[in-house]
Amino acid sequence: MAFLKTILIILLVYYLFKILIKLFAPKILNYAGKKAEQHFREKLEGFNTQQQPQKSTEQGDVIIDKNTTRKSNSSKKVGEYIDFEEID
């Protein structure tokens, strides 16, 4: 009799858990989505304030901003080329 009572309690807890998840999952996901959106907005605002302010220029002035990055042209020999032949 105790075995059936244990199985009944396990099933009751399982179905109760399923019902509660169906009720509260949309609210929890909505809350998490709003928090994520708020976090990204704060990061975006921080990124925009880090940008350098534009200098006031007169009409006709040309400004060229270059971000040069150096690529390392490595001509080092990595190893030796080995040619394999098929033996029949």
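**Exercise 1.** Is Tyr14 buried, partly exposed or exposed?

*Solution.* Start with the ground rules. This is a predicted model, where local features need pLDDT of at least 70, side-chain atom pairs count only at pLDDT 80 or more, and totals for chains, interfaces and linings use all residues. Residues are numbered from 1 along each chain as its sequence is written, and side-chain values use heavy atoms, with hydrogens and water left out.

Next, the cut-offs: buried is under 20% relative accessible area, exposed is over 50%, and partly exposed lies in between (1.4 Å probe, protein chains only). Tyr14 has a relative accessible area of 45%, so Tyr14 is partly exposed.

**Exercise 2.** Find the aromatic pair that Tyr14 forms, and classify it.

*Solution.* Rings of Phe, Tyr and Trp (its six-membered ring) pair if their centres lie within 6.5 Å; planes under 30 degrees apart are stacked, over 60 edge-to-face, and the rest tilted. That rule gives a count of 1 aromatic pair. Tyr14 and Tyr15 make it, with 5.2 Å centre to centre and 70° between the planes, hence edge-to-face. Tyr15 is partly exposed too, at 46% relative accessibility.

**Exercise 3.** Track down the salt bridge and place it in the fold.

*Solution.* Look for a side-chain nitrogen of Lys or Arg within 4 Å of a carboxyl oxygen of Asp or Glu. The count is 1 salt bridge: the side chains of Glu37 and Arg41 meet at 2.8 Å, N to O.

Now the fold: helices (H or I, at least four residues) and strands (E, at least two) are DSSP runs, numbered from the N terminus. The chain has 1 helix and 0 strands. Glu37 and Arg41 sit 4 residues apart in helix H1, so about one helical turn separates them. Glu37 is partly exposed, with a relative accessible area of 40%.

**Exercise 4.** How much of the chain is buried?

*Solution.* Of its 88 residues, 0% count as buried. Ile7, found in helix H1 (residues 2–50), is partly exposed at 33% relative accessible area.
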